[in-house]
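Student: I should like to understand how the terms applied to this protein are justified.
Tutor: Let us take them one by one.
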Amino acid sequence: MILDLFSGVGGWLCALPPASPHLGIELDQQAAETSKAAGHNVIEADVTGLDPADFPDVTGLVASPPCTTFSIAGSGAGRMALEQVLSAVRGNTPALDKQSTRLTVEPLRWIRTIRPEWIALEQVPTVLPVWKAYAERLRGWGYSVETSVLDASAHGVPQSRRRAVLVASRLGAVRLPEPGPTTPMSSVFPYSDGRTQRSNYSGSAPDGARTAQERGRTIRGLSQPSVTVTRRSPHWQFENGTLIPFTVEECGVLQGFPPDYPWSGGANAQRLQIGNAIPPPLAQALITAATSPIGRIPRPPETRVGIELPKPLVKKLRIAAAHQGLSASALAAEIIEKAVAR
Ligand SMILES: C[S@@+](CC[C@H](N)C(=O)[O-])C[C@H]1O[C@@H](n2cnc3c(N)ncnc32)[C@H](O)[C@@H]1O
């Protein structure tokens, strides 16, 4: 079974081969409704309140955790949140005060227990250092891992949308998807009436950076990919100066969904669901990369170390390892790894 944590409207689930056994977990009722109406199996639940051991048949895990406080690149609060998350991923477990920061570490809790065959993760570009820290831990657990920032427009999506991604497999060596040609808006909107697209970015920016309003709106022609789709709709701009907002359906299409995708809730909720989603063509490229390893995993060199432990401690170690579905030596290696990272 494929498990999608924070499954939203089901961008990852749309990208699975037909009839793949899957389960999405999503807190927001309306996003879950959309995904269910599209035919996905979804439970409405808080990911942090579930025990991964209750999901034993998971072979693949995908996740796009919610955008975090450190999305506000460069701000003091953002840097502190990032440091906290990196520390937690490396195995030190400081109290992560903000729920939104905690959620970025959540997939690791699931991976550690489930040890799926393959993994694919996606987030905003500022999360790349977190995915790199994930990669270090995952390699220690025997995975081949690649991380990078990819632009969705080079993977079949008619939109410039840069995202930090991680793909991993414990069955063989993974490679990131190769970028293809840029996908223009004309591939989904065959208009020939001279219209252009005008961005509708918000006017806020961190730490005195110039606002989008100060910089002016971005104008894109149909031969280009769309600007990044957020909860705020871009506009069509006509030669006579008329401005018309993109419809919900048009925004969904720019995000790689079919025009008849069954968006649920009011217009604002629908636009938020679209802005949050992973474009299915990008999800498909990442899933293909994670499920098609191309060689053997380069194993890190290992050295046998003789450590004498008191018998009762060995017994405790074996019991703890069995509880976590690990071998005693794998658990011992994790404990040492954490101690060394401190
Ligand atoms: C970045 S979006 C992921 C979107 C999804 N990949 C898609 O294609 O629609 C993050 C999602 O996590 C959900 N979420 C936030 N906190 C959650 C929690 N504690 N448990 C489950 N879902 C949660 C949000 O409602 C949102 O839909």
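Student: Which residues surround the ligand most closely, and how many surround it?
Tutor: The model is predicted: local features require pLDDT of at least 70 and side-chain atom pairs pLDDT 80 or more, while totals for chains, interfaces and linings use all residues. Residues are numbered from 1 along each chain as its sequence is written. The ligand is surrounded by 21 residues, the closest being Phe6, Gly8, Gly11, Leu27 and Asp28. A residue is near a molecule or strand if its C-beta atom, placed from the backbone, lies within 6 Å of it.
Student: What makes up the shell around the ligand, by residue class?
Tutor: The shell comprises 11 nonpolar, 7 polar and 3 charged residues. Ala, Val, Leu, Ile, Met, Phe, Trp, Tyr, Cys and Pro count as nonpolar, Asp, Glu, Lys and Arg as charged, and the others, Gly among them, as polar. Helix H1 (11-14) and strand S2 (22-26) each supply at least two residues of this shell. Helices (H or I, at least four residues) and strands (E, at least two) are DSSP runs, numbered from the N terminus.
Student: Why is a set of residues called a nonpolar core?
Tutor: The name applies because the members are buried Ala, Val, Leu, Ile, Met, Phe, Trp, Tyr and Cys residues joined through C-beta atoms within 7 Å. Buried means that 20 or more other C-beta atoms lie within 10 Å of the residue's own; with 12 or fewer a residue is exposed, and in between partly exposed, C-beta atoms being placed from the backbone. The largest such core here has 67 residues, and Leu61, Leu166 and Val167 are among those with the most contacts inside it. Helix H9 (residues 280-291) gives the most to this core, with 7 residues.
Student: What is Val167 in contact with, beyond its neighbours within four places in sequence?
Tutor: Its partners are Ala120, Glu146, Val174, Leu176, Leu286, Ala289 and Ala290. Contact requires that the two C-beta atoms, placed from the backbone, lie within 7 Å.
Student: What do the buried residues of H8 pack against?
Tutor: They pack against helix H2 (29-37) and helix H7 (248-254). In helix H8 (residues 267-276), the buried residues are Gln270, Arg271, Leu272, Gln273 and Ile274.
Student: How do you know that S8 and S10 pair?
Tutor: Pairing requires that DSSP find at least two bridges between two strands. Strand S8 (residues 196-198) and strand S10 (residues 235-237) are joined by 3 bridges and run antiparallel, so the pair meets the criterion.
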